[in-house]
Amino acid sequence: MSAPLDSRQLRAFRVLARTGSFTQTARELHLTQSGISHSMKALESEIGCRLLDRLGKKVVLTQAGEQLLQHTEKILSEMETARESLTQLGKWGRGRLRLGASFTACQHLIPPVLREFKESFPEHAITLEPGDTPELVAGLLRQRIDLALSLEVEREPQLEFHPLFTDELHFILAAQHPWAQAKRVERAEIPRQNYILYSKRSVTFRLIEKYFRREEMVLNTVIEAGSMEATKELVKLGLGVSILAPWVAKKEIEEGSLVALPLGRKKLQRRWGILHWRGKRLNLAEETFIGLCESACAPLRAQSGL
């Protein structure tokens, strides 16, 4: 298999094609005339055909040389574009940040963080990939994303977790629900309710299932919702009870359309944070993003008392 063409030889070839003179080419490239001549002989040997003809003191291209020149222009242009792109990347504030976040975080946590981030890094290209925690973990492991704002995961030794806050799951009810009216939950009635829960593939669903298994209860899940917003709307309509973190339904709770009640004496808590490759050296943009997330999550951290 032939070795790649030498870019220095191609540059010399392009100048020689323009000047038609070994002397002028050597002068422009600050090389010796014999050095240019040797380089062109090596290029012809590598390609396997004659590229140049001498007409008196002038050098002209053969048909093969004309064809190579067309390719040379494209090759060197691409190389120059690549160099410029990398140079721009190295300048202050230039780069990319590939983020992943849960659907809930995308709606409630990420927007104010990105607004502040863009003030410090206006030239940064940002991509945001929403998904449930298992999808975000897969994105990190496959190096599609750099950072993920998600729930803590177990048994992922390749990933490091930077904690942001802890929340607690509650029963979320319509204001007209008997529990909401009584402001208390009857334990015996818990398995009799109809439940509207988020995707069974999610970490949250597994935590809920595990929690009530310990309580020796099985919940009657009648609706599996694909989004938190849909879940809240269905609860408002009185179609069932959900189990969510109150901060996710803060607006509805404050306006009185939904009510949050504790699950019981034992709390069901989740840890939120930033996931990234273990041992990865974070760049300035990534460290800044994490710092902004810490600031944005400070009220939630205060609520949990952590």
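So, helix 3, residues 33–47: helices here are DSSP runs of H or I, at least four residues, and strands are runs of E, at least two, numbered from the N terminus. The expected span of a helix is 1.5 Å times one less than its number of residues, so the 15 residues of helix 3 should cover 21 Å, and its end C-alpha atoms are indeed 21 Å apart.

Quick housekeeping: this is a predicted model, where local features need pLDDT of at least 70 and side-chain atom pairs need 80 or more, while totals for chains, interfaces and linings use all residues. Residues are numbered from 1 along each chain as its sequence is written, and side-chain values use heavy atoms, leaving out hydrogens and water.

Back to helix 3. Which of its residues are buried? They are I36, S39, M40, L43 and E44, where buried means under 20% relative accessible area, exposed over 50%, and partly exposed in between, with a 1.4 Å probe and protein chains only. Looking down the axis of helix 3, those buried residues fit within an arc of 135 degrees, so they line one face; the arc is taken from the directions from the helix axis to the C-beta atoms. Why does that work? An α-helix has 3.6 residues a turn, so residues three or four places apart point the same way. On the face turned away from the buried side sit the exposed S34, H38, K41 and S45. After helix 3 comes G48, with a positive phi near 90 degrees.

Helix 10, residues 228–236, buries M228, T231, K232 and V235. Down its axis, these fall within an arc of 95 degrees, so they line one face too. Just after helix 10, G238 has a positive phi of about 80 degrees.

Now the inside. A nonpolar core is a set of buried Ala, Val, Leu, Ile, Met, Phe, Trp, Tyr and Cys residues joined through side-chain atoms within 4.5 Å. The largest one has 58 residues, and L149, F171, Y195, F212, I243 and F289 touch the most other members. Apart from that core lies another, of 15 residues, including L43.

What about disulfides? Those are pairs of cysteine sulfur atoms within 2.5 Å, and the count is zero. The sulfur of C293 has its closest cysteine sulfur in C297, 6.0 Å away, which is too far for a bond. C293 is buried at 1% relative accessible area, and C297 counts as buried at 1%.

Last stop, G279: this glycine lies in the loop between strand 12 (269–277) and helix 12 (284–296). Buried or exposed? G279 counts as exposed, at 67% relative accessibility.
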